[in-house]
Amino acid sequence: MKALIETRNTRPDRVFLVGVELKSRNGADTRDSLAELGELAATAGGEVVGDGLQKIESPNPATFIGKGKAEEFAHLCKRLDVDTVIFDDDLSPAQSRNLEKIFNCKILDRTSLILDIFAQRARTREGKLQIELAQLQHLLPRLTRFWGHLSRQQGGIGMRGGEGETQLETDRRRVQDRIARISRELELVRRQRGIQRSARQRNNWPLASIVGYTNAGKSTLLNALTGAQAFVKDILFATLDPTTRRLRLPTNQNVLLTDTVGFIRKLPHGLVEAFKATLEEVVQADLLLHVVDISHPQVEEQIQAVNAVLAEIGAGGKPTIMVLNKLDRLNPDGTGANGALNRLQENHPHAVAISATTGDGIPSLLAEIGVQLRPKREFLELRVPHGQSAVIARLHKVGQVIESSYRGPKARFKVRIPPHHHDEFAPFIVRDGRTAS
Ligand SMILES: Nc1nc2c(ncn2[C@@H]2O[C@H](COP(=O)(O)OP(=O)(O)OP(=O)(O)O)[C@@H](O)[C@H]2O)c(=O)[nH]1
Ligand SMILES: [Mg+2]
């Protein structure tokens with residue numbers, strides 16, 4: 001992996017984290033969220049040297065935290081030789097500017113940090129364009145002398161991606177022009193992707209999308225199921241661009257399986273917007289595999305965060321298999337992680353517990369995918385002479401008889417049968433119509 005920090009003088013950004021406990025939140029949530037912010041900062045290449053929390057009724061419009069508290073933290077940061085202070089919540093442009101004056105160093109919020117990580121990870125043209133667009137839109141109103149200063153000097157957290165560094169020094173008008181140009185280029189790239197997608201869909205293979213919280217093991221699962229070589233790493237947002245592979249089920253059904261970007265709490269809205277085209281794979285899917293890390297202490301919060309993003313992109317309520325991953329990390333009797341396994345299995349009747357690394361549970365998962373994507377059945381109306389009792393028996397064996405009548409010269413049936421039995425009954429068919437099973 002390339003160097004996380006683009007400093008010429010090699011020292012990583014020294015980072016201080018700030019969280020607030022609003023009246024509406026509980027303390028544990030704030031702590032968890034701050035711990036996750038620390039992981040994000042480390043993923044971006046920073047070194048977390050301290051953090052601070054404040055309980056407040058509501059955010060201060062000028063400084064987000066209280067002014068006195070900001071001064072206290074600023075003092076501490078000076079002692080700790082901090083380069084960057086990262087707030088766990090989004091700051092308004094005015095708050096960033098005011099805080100920058102108090103702290104006298106670079107101020108970031110959670111969104112800019114996530115954008116920075118995404119900028120490092122984007123590989124495809126589309127991914128890079130999407131990120132640059134989101135960054136320009138988010139960072140533009142927040143440009144201050146520290147940004148300009150840092151961008152000329154060394155980049156650093158929050159400053160990567162596209163042509164951001166030179167861009168940030170140009171005037172607003174040129175930035176606006178660039179936004180317009182990126183939007184046009186994105187439109188082209190997307191049209192191309194739309195063409196590729198419709199080519200794939202001509203195969204008529206069902207689409208399944210792997211979704212889940214970042215670091216849950218989505219790419220590991222894609223690799224385990226399809227032998228793909230997707231990038232796997234114990235960091236947040238290892239995957240950004242979608243990868244699609246064919247999965248052949250033991251029933252010989254083919255499925256197109258896509259692994260895509262992970263979700264996180266407080267995922268910036270602008271980013272969801274920017275990634276809507278990439279997430280189109282998820283919206284189009286016939287089936288979602290929602291991968292969760294059952295060994296993670298905040299597994300239920302993570303599930304909720306994923307469901308919220310799914311709803312936001314218009315993919316809520318799709319047929320979903322809950323894939324309870326990292327089973328190998330629990331105790332041998334399945335306990336650990338506060339009994340999450342039992343609870344989730346009770347709440348999600350189609351949940352399958354697996355370990356994507358050991359392969360445990362994969363056969364059950366394949367079977368469940370097969371059940372969820374069972375081939376469309378054909379609806380047929382048949383007339384069978386009464387003498388053909390073998391045919392009638394066979395019909396009951398392979399098909400689902402919806403209606404039958406034995407009056408008249410021939411017995412009449414309305415049935416649903418799997419398509420591959422169609423030919424067997426061809427001589428008796430009086431009406432042929434496809435319907436979903
Ligand atoms: N012990 C254990 N570790 C796992 C399992 N599945 C994945 N991991 C590890 O979890 C980490 C994240 O795995 P990834 O497959 O990159 O996770 P992801 O969901 O694709 O993550 P992002 O792309 O970053 O959102 C890696 O270190 C994996 O080796 C599992 O079943 N058991
Ligand atoms: Mg991944």
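**Helix 4, strand 7 and a pocket**

Modeller: This is a predicted model. Helix 4 (residues 110–121) has 12 residues and spans 17 Å from first C-alpha to last, close to the 16 Å expected at 1.5 Å a residue.

Colleague: What makes helix 4 mostly covered?

Modeller: Buried means under 20% relative accessible area. In helix 4, 12 of its 12 residues are buried. Among them are Arg-110, Asp-116 and Arg-121, along with Leu-113, Ile-114 and Phe-118. Helix 4 is therefore called mostly covered.

Colleague: How do you know that both faces of strand 7 are covered?

Modeller: Asn-254, Leu-256 and Thr-258 are buried on one side. Val-255, Leu-257 and Asp-259 are buried on the other. So six of six residues in strand 7 (residues 254–259) fall under 20%.

Colleague: Why is strand 7 said to pair with strand 5 and with strand 6?

Modeller: Pairing needs at least two bridges. Strand 5 (residues 207–212) and strand 7 have four, in the parallel sense. Ala-208 stands opposite Leu-257 there. Strand 6 (residues 243–248) and strand 7 have six, running antiparallel. Thr-243 has Asp-259 as its bridge partner. Both counts meet the cut-off, so both pairs stand.

Colleague: What lies between strand 6 and strand 7?

Modeller: Five residues, in a hairpin. Asn-252 in the turn has a positive phi of about 70°.

Colleague: What makes up the lining of the second largest pocket, by class?

Modeller: Seven nonpolar, nine polar and six charged residues. Gly counts as polar, so Gly-217, one of the residues nearest the centre, belongs with the polar ones. Helix 9 (residues 218–226) gives the largest share, three residues. The pocket holds about 360 Å³ of space.

Methods:
Residues numbered from 1 in each chain as written. Chains lettered and ligands numbered in written order. Predicted model: local features only at pLDDT ≥ 70, side-chain atom pairs only at ≥ 80, totals over all residues. Heavy atoms only, no water. 1 Å grid on protein atoms, 1.4 Å probe; cavity = no way out; pocket = protein on both sides within 12 Å on 5 of 7 lines; lining within 4 Å. Points joined across faces, edges and corners; volume = space filled by probe spheres on them. Helix = DSSP H or I, 4+ residues; strand = E, 2+ residues; numbered from the N terminus. Expected span 1.5 Å × (residues − 1). Buried < 20%, exposed > 50% of the residue type's maximum accessible area, 1.4 Å probe, protein only.
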